[in-house]
Amino acid sequence: MTYRVGILGATGAVGQRFIQLLDDHPTFDLACVTASEASAGKTYRDAAKWRVDTPIPDNVAELEVRETDPDAIPDDLDLLFSSLPSGVAADVEPALCEAGYVVSSNSSNDRMAEDVPLTIPEINPDHLGLIDVQRDERGWDGALIKNPNCSTITMVPTLAALDEFGLDRVHVSTLQAVSGAGYSGVTSMEILDNAVPHIGGEEEKMETESRKLLGEFDGASFSLHEADVSASCNRIPTLDGHLENVFAELDADPSAAEVRDALAAAPSADLHSSPDQLIHVFGDDQPERPQPRMDRMRGDGMQVSAGGVQTTPDGVKYNCLAHNTIRGAAGASLLNGELLAADGWL
């Protein structure tokens, strides 16, 4: 079965990744793109300053860009992917859900709302059950589903794999690529020959979203995972790929080999865009991996990499990496859309 989909905020960096990932998708047919009022009425080719490393698909280039408004969007779309700025999305996404649309969103607003699924399909697909709670509480026929922050989605699959050892406390320091700030988010004079040890709001997102993703859903509400999470987020001059140094305190005392085995055994999902193996694990013969330039495109940019596994007096430390605009943004929303389709929510 094929579903007609649209992209909200299609001319931005993440919107362009959506278009790239949806090209020749077997389940989703891209039928609508939206942007600001200034772009509405133009062809996508004329409205977008295309910066992705593949050409604009021919079937998208001549699409007319619509305004991001429920009245301007066709009512026969089965799913909308959102890459809107959170300030815009906070108003537009609920209005679209009230109009009956299902929205799979990468925007940060409402991620921690008690009735909004925050989902990584390989980790907590059952949290989609919150859609029924959301519809009952908000009185709409649509649905709002979120994927986590790009740095959170890099770390959480590894934490989920370690939870069997009794995950108690997590400390993480990130080395995040400049693309995470958008094309014009960090100037070259600011980042070249430099590192910026602060990314506004990022630490709080990692500390809260990870606990929701790892938490339990009982059919009516979710509970946060009990682990404490502390994050330090840093911007470095790499283009794509967030590298993270994780220190996990565990109740059990696994060996480094047992930790590597648990990471490598983390189950993937049976979805079109899921990697065959969720986490690629480097052995102790390659302590210098993963690296952004070398490993961000593993699994077509959808795989998480981990390495440098070492035991500590309290647990384990390791490094992890994922492509921040593919796995960490557009690809994450796409996976959630595929999960919605597979589980009968569309």
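The paragraphs below lead through a predicted model of one protein chain, from its overall build to its pockets, its cavity, a helix pair and two points in its loops.

The protein chain is built from 11 helices and 14 strands. Its radius of gyration is 20 Å, close to the 20 Å that the globule rule gives for 346 residues, so the chain is as compact as a globular protein of that length. Measured out along its principal axes, the C-alpha trace spans about 60 × 50 × 35 Å.

With the overall build in view, the empty spaces can be taken in turn. Rolling a probe the size of a water molecule over the atoms shows where empty space is left. The largest pocket has a volume of about 690 Å³, and of the 33 residues that line this pocket, Val-14, Asn-106, Gly-180, Ala-181 and Gly-182 are the closest to its centre. Three helices, namely H1 (13–22), H8 (202–213) and H11 (326–342), each supply at least two residues of that lining, and H1 gives the most, with 3 residues. By class, the lining of the largest pocket divides into 10 nonpolar, 19 polar and 4 charged residues.

The second largest pocket has a volume of about 580 Å³, and it is lined by 22 residues, of which Arg-51, Ser-179, Tyr-183, Leu-239 and Asp-240 lie nearest its centre. Here again H1 gives the most to the lining, with 3 residues, which can be set beside the 3 residues that H1 gives to the largest pocket. The lining of the second largest pocket is made up of 9 nonpolar, 7 polar and 6 charged residues.

Besides these pockets, a search of the whole structure finds 1 cavity of 30 Å³ or more, and about 30 Å³ of space lies in it. The residues that line this cavity are Leu-159, Leu-167, Val-170, Ser-210, Arg-211, Leu-214, His-225, Ala-227 and Val-229, and they divide into 6 nonpolar, 2 polar and 1 charged. Strand E7 (167–176) and helix H8 each supply at least two residues of the cavity lining, and H8 is also among the helices that supply at least two residues to the lining of the largest pocket.

The next feature is a pair of helices. Two packed helices are described by the angle between their axes and the distance between the axes. For helix H6 (residues 150–162) and helix H9 (residues 256–264), the axes come within 8 Å and cross at roughly 120°, and H6 passes H9 in a right-handed crossing. The residues that meet are Thr-158, Ala-161 and Leu-162 on the side of H6, and Val-259, Ala-262 and Leu-263 on the side of H9. Sorted by class, this contact has 5 nonpolar residues, 1 polar residue and no charged residues.

Two details of the backbone, each in a loop, complete the walk through the structure. Asp-24, which is found in the loop between H1 and strand E2 (28–35), has a phi near 65°, a positive value in a residue other than glycine. Further along the chain, Arg-289 and Pro-290 are joined by a cis peptide bond, with an omega of about 10°, and Pro-290 has its place in the loop between strand E12 (279–281) and helix H10 (292–295).

Key: Residues numbered from 1 in each chain as written. Predicted model: local features only at pLDDT ≥ 70, side-chain atom pairs only at ≥ 80, totals over all residues. Heavy atoms only, no water. 1 Å grid on protein atoms, 1.4 Å probe; cavity = no way out; pocket = protein on both sides within 12 Å on 5 of 7 lines; lining within 4 Å. Points joined across faces, edges and corners; volume = space filled by probe spheres on them. Helix = DSSP H or I, 4+ residues; strand = E, 2+ residues; numbered from the N terminus. Nonpolar A, V, L, I, M, F, W, Y, C, P; charged D, E, K, R; others polar. Axes fitted to C-alpha atoms, helices over the stretch in contact; angles between N-to-C directions. Left-handed = near helix turned anticlockwise from the far one by under 90°. Contact = heavy atoms within 4.5 Å. Rg over C-alpha atoms; globule rule 2.2 N^0.38 Å.
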